[in-house]
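User: I should like to learn how to read the interior, the open spaces and the ring pairs of a protein model. Please take me through them in turn.

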Amino acid sequence: MKTRKIGQTGRLRSADEWIYGLNPVLEALKAGRGIKTLYLAAGRHEKVQGLRQEADRLGISVKTLDAGFFDEKFGKGHQGVAADVRPRRYFSLDELLGFPREKGEIPLFFVLDCIEDPRNLGAILRVADAAGVHGVVLQAYRAAGLSAEVSKASAGAVEYVPVTVVANIKNALREMKEREITIVGA
C-alpha cells in the first residue's frame, strides 16, 4: 500500500482514500472533493441516479458493481455507493487560526484530544459543521484519523470542516492563547 505524509506531524496516510454511503459521496460531490471514480451497486435507490448524473456532468468515471464488492470492502451502511477520492487536504495550524480573522468573526474551534472512535469523531464533525466552527484540531497519535468510517458517521460534514493534525495539543493551545483566543475546556 502506498503511503504519504501529511502536515508536519509525520503521520502516514494511505495514498488511496475511500468514502461510502449516499450522503458522504453526495456531499463530496457538492464540496468539489476530487473524486477519481464513483462506484454504484445496481440502482435500487432513486438518489443513486442523481449521483450518476452529477458524476457524468463532472466527467467522473462511474462503475457499476455487484453488492458483494460493497459488503466485502465496507461492511454495513454502504448503501451501494462508494467513491475513490483524492487525498484530503489538511490545513496547517497557522492557516486554521487565520480563518476567523479573514471572515471578521470571533474564533470558534474544537480541539479534540484522544478521540479514538471514528463514529464519535464523525458525530463531532457533524456538530462542528452545524455550529459554524472555523476548524478542528486533532491529535496525531492515539486518535481516530479522517477515514471512510468518519466520513460516513459525519454524513458528509467532514467535507466542510477544515481540519489540522498536530503532534502536541498543548502546543496548539499555547499558540491559540498567544493569538488571544479564549480557551474553554469540557
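User: Which residues have the most contacts inside the largest nonpolar core?

Analyst: As a general idea, nonpolar side chains in soluble globular proteins tend to be buried together. The model shown here is a predicted one. Its largest nonpolar core has 16 residues, and those with the most contacts inside it are Leu121, Leu125, Val136, Leu138, Leu146 and Val163.

User: Which elements give two or more residues to this core?

Analyst: Helix H5 (118-131), strand S8 (135-139) and strand S9 (163-166) do so. H5 provides the largest share, three residues.

User: With which residues is Leu138 in contact, leaving aside its neighbours within four places in sequence?

Analyst: With that exclusion, Leu138 is in contact with Leu112, Leu121, Ala144, Leu146, Val163, Thr164, Val165, Val166 and Ile169. There is also a second, separate core, made of 15 residues, among them Leu22, Ala55, Ile60 and Val81.

User: How much space lies in the largest pocket?

Analyst: The general idea is that a probe the size of a water molecule, rolled over the atoms, shows where empty space is left. In this structure, the largest pocket holds about 410 Å³ of space. It is lined by 15 residues, of which Phe109, Phe110, Val111, Val184 and Gly185 are the closest to its centre.

User: Which elements supply at least two residues each to that lining, and how do the lining residues divide by character?

Analyst: Strand S7 (109-112) and helix H7 (169-178) each supply at least two. By character, the lining consists of 12 nonpolar residues, two polar ones and one charged.

User: Let us turn to the aromatic rings. How many aromatic pairs does a search of the whole structure find?

Analyst: The search finds eight. In one of them, the ring centres of Phe69 and Phe74 are 6.5 Å apart and the planes stand at 85 degrees; because planes over 60 degrees apart count as edge-to-face, this pair is edge-to-face. Phe91 and Phe99 also form an edge-to-face pair, with 5.3 Å from centre to centre and 85 degrees between the planes.

User: Are the residues of these two pairs buried or exposed?

Analyst: The cut-off needed here is that buried means under 20% relative accessible area. Phe74 has 12% relative accessibility and therefore counts as buried, whereas Phe69, at 26%, counts as partly exposed. Phe91 and Phe99 are both buried.

User: Which residues form one aromatic cluster with Phe69 and Phe74?

Analyst: Trp18, Tyr20, Tyr39 and Phe70 join Phe69 and Phe74 in one aromatic cluster.

How values were computed
Residues are numbered from 1 along each chain as its sequence is written. This is a predicted model: local features need pLDDT of at least 70, side-chain atom pairs count only at pLDDT 80 or more; totals for chains, interfaces and linings use all residues. Side-chain values use heavy atoms; hydrogens and water are left out. Rings of Phe, Tyr and Trp (its six-membered ring) pair if their centres lie within 6.5 Å; planes under 30 degrees apart count as stacked, over 60 as edge-to-face and the rest as tilted. Buried means under 20% relative accessible area, exposed over 50%, partly exposed in between (1.4 Å probe, protein chains only). On a 1 Å grid over the protein atoms alone, a cavity is a set of points where a 1.4 Å probe fits but cannot get out, and a pocket is an open set with protein on both sides within 12 Å along at least five of seven lines; lining residues have an atom within 4 Å of a point. Grid points are joined across faces, edges and corners, and a volume is the space filled by probe spheres set on the points. Helices (H or I, at least four residues) and strands (E, at least two) are DSSP runs, numbered from the N terminus. Ala, Val, Leu, Ile, Met, Phe, Trp, Tyr, Cys and Pro count as nonpolar, Asp, Glu, Lys and Arg as charged, and the others, Gly among them, as polar. A nonpolar core is a set of buried Ala, Val, Leu, Ile, Met, Phe, Trp, Tyr and Cys residues joined through side-chain atoms within 4.5 Å. Contact means heavy atoms within 4.5 Å.
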